[in-house]
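Me: I am new to this structure and would like a close look at a single part of it. Please take one sheet and the elements around it, and explain each term as you go.

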Amino acid sequence: MLAKIRNKVLLGKRITESEALNLFKSDDIFSLASIASHIAEKKNGRKAYFVRNRHINPTNICVNRCRFCAFSRSKGQEGAYELTLEEIIKKLRITHHASRITEVHIVGGLHPDWPFTYYLELVSAIKKEFPKLHIKAFTAVEIDYFSKISGLSIEETLNTLKRCGLGSIPGGGAEIFAPAVRNKLCPEKISGQRWLDVMASAHKVGLRTNATMLYGHIESYKDRVDHLMKLRRLQDKTGGFQAFIPLAYHPKNTEIKGSYTSGLDDLRTIAVSRLYLDNFDHIKAYWVMLGEKISQLALKFGADDIDGTIIEEKITHSAGGLTGGKLTAEQLSDMIKKAGRIPVERDSFYRKIRRAE
Amino acid sequence: MTKEKQKKKTAEKQMPCAPDAARVTSKEALSMLKSGDLLDLGLTADNIRKQLHPEKVVTFVVDRNINYTNVCVNKCTFCAFWRDKDAQDAYTLDRDTLFAKIEETLGLGGTQILIQGGLHPGLDLDYYVDLLRSIKERFEINIHGFSPPEICYIADSADLTLRETLQILRQAGLDSVPGGGAEILSDRVREVLSPRKIKSSRWLKVMETAHLLGMRTTATMMFGSIEGPEDIITHLEAIRELQDRTGGFTAFIPWSFQPGNTELNAEAQKRKSAKGTRKPSTLQPATAVEYLKVLALSRIYLDNVANIQASWVTQGLKLAQVALRFGANDFGSTMIEENVVASTGVSFRTSKHEIINAIRAAGFIPAQRDTYYNILRRWET
């Protein structure tokens, strides 16, 4: 079975959904890894990327109650927090100098009271203070929410943010598109179709985005393939996705019972994504969710990016993250080297950053 | 079946394949370690594992590490557990505490205790004999105890031969010997890591003597500190050669050096900051790729050792699951209690339930085993 898929892939042909499903069920992880690595190498050579970035989560107060989320709080609930613009700028100022970050990644809860102007001011203030810093911010779910609270269309919302300095959009909030599973996981959240529509609009106004998939909870392999299929289809139309990032479910402090995904499932998911998503340039093994160890191994299973320095991570850690919150650029580079790949510090568009050392 | 017979039967079963001309040479092994591709090694190791253990069973033992004392005269530079005799947090367990720990272990379905400790200058042979007897009088449990450095220390303090010492301990109740203290069986490395610890030849001598007395032991290797690939091969060579003669090793357990809170790491930090480099200022633990490579090579090279253990305590459950496809067939112990690795700040805690789930999620049938790898219970899906 794998031999047939291997031939197809090597000839540059697309694999079908039923073939992807078979790959998920396959026990032959070594063939999977070798075909996926072949494709990764064809796309990115021996390079593997990391970025000097910092995460900022402005608030954990959220009107949605996704069952898999351990981060969100209601207003007034114990542990709820809101960062002011000054606090955010201060966090960035420290990191900007100490860690020489090139990108800030901002995602947060859907705050019931904050107006759209708060986010515009946030983006403008960051841009003013750090003109060279790339702002990758607000998942499709947040963009949809901003459009609702501002009364603007999705495109107007995106364009306004872009004018203030928004550089690109992260891939969060995709979870699993399949409606039956999505309704159990996150009934209040926008539908999978809406998520895809927001991304299509972002691509249309010239914003590059990522895409994610949350796996390892209550979904089936079929649901995973359905998810990948919808992403591949949209990417065919827009070409606006940069990286696909499979996110391993974390079970602690959430309302969904379950366990951590197995290391083998993590690696297999990376490999199948690499093989099926032939129109995505990059597959990211996000180390915060996979752990440093599996993330490094993922470079042998088709991934070409392990994300970055992060500095402070709250969302995965609320649900029992298994790693420390940060790795230095040197550690990231070392992990990549020891996997036999060439470490490349990238900017937010996968261009190599040259530094005078 | 009597326990003796059972042990003997297992010993026979555990000679998977007689050494033959086709076995991997040390030269080949060295080149695999230096320049072999991880996935090629993994596939080869996985195929060997399938031949040796075709039933897709992954075993584990329910046991507890009991560290009777942390006072140690050896003070190895890679160790964060040892204390001086007068240190504030130096301890030696009293009997009541010890018995309570064993009782709890049995209550949790445990079949074995792993008793290991520092080389305490105030404890003599009588202490150990009394300790073993007092446990055996009260409990039916396998005592897997005293790594070779301890056996040597006890023998030297009592001015007895290794054989005499092991015989006395065995009569008092010692069943099997853990493979700790091997570190890297290359004296060049030991000179730096553990200058006061027994040399390689003595470690091997203890194991050989134990095997010849009919005791089973495990063998370990701690890599990822300051050794080179040649030292790892030297180590594997020594284990394979002894196993050819005695067949007494039940399992091989490679794990990686954990740098936290150790003198070796502090020294590295000093050296690096002195040079003022930008490199990470501490020793980096072996990465996943390095761990799996050594694990797979162990499975390939040690054709006469039946079982290879994945070390979830040092690598975490996720990597331990992956290790099951890179040569490992055993998940080690549930570790109701673990103190030595935990003292380096690395603490992957887990329960029997989580271990069963982890093995199953990796696509294997979990099974509880005893010290001699006899299966006691399976969890079929």
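Reply: A good place to begin is B:T59, which stands opposite B:D330 in strand β8 of chain B. These two residues belong to a predicted model, in which local features need pLDDT of at least 70 and side-chain atom pairs count only at pLDDT 80 or more, while totals for chains, interfaces and linings use all residues. Residues are numbered from 1 along each chain as its sequence is written, and chains are lettered from A and ligands numbered from 1 in the order in which they are written.

Strand β1 of chain B, residues 57–61, pairs with β8(B) in the parallel sense over two bridges; strands here are DSSP runs of E with at least two residues, helices are runs of H or I with at least four, and both are numbered from the N terminus. Two strands are said to pair if DSSP finds at least two bridges between them.

This pairing is part of an open sheet of four strands in chain B, which follow the order β8-β1-β9-β10 with mixed pairing. At its edges lie β8 (330–333) and β10 of chain B, each of which pairs on one side only. From one strand to the next the twist averages 25°, where axes are lines fitted to C-alpha atoms, for helices over the stretch in contact, and angles run from 0 to 180 degrees between N-to-C directions.

Helix α15 of chain B, residues 352–361, lies across β1, β8 and β9 (365–369) of chain B, and the helix runs at about 140° to β9(B).

On the edge strand β10(B), residues 375–378, one finds B:R377. B:R377 is exposed because it has 10 other C-beta atoms within 10 Å; a residue counts as exposed with 12 or fewer such atoms, as buried with 20 or more, and as partly exposed in between, the C-beta atoms being placed from the backbone. Leaving aside residues up to four places away in sequence, B:R377 touches B:A367 and B:Q368, a contact meaning that the C-beta atoms, placed from the backbone, lie within 7 Å. B:R377 and B:A367 are ten residues apart along the chain, yet their C-alpha atoms are separated by 5.5 Å.

Elsewhere in chain B, strand β6 (residues 249–256) offers a view of burial, for eight of its eight residues are buried. β6(B) pairs in the parallel sense with strand β5 (residues 217–223) of chain B over six bridges, and B:A219 has B:F252 of β6(B) as its bridge partner.

Terms used: Two residues are in contact if their C-beta atoms, placed from the backbone, lie within 7 Å.
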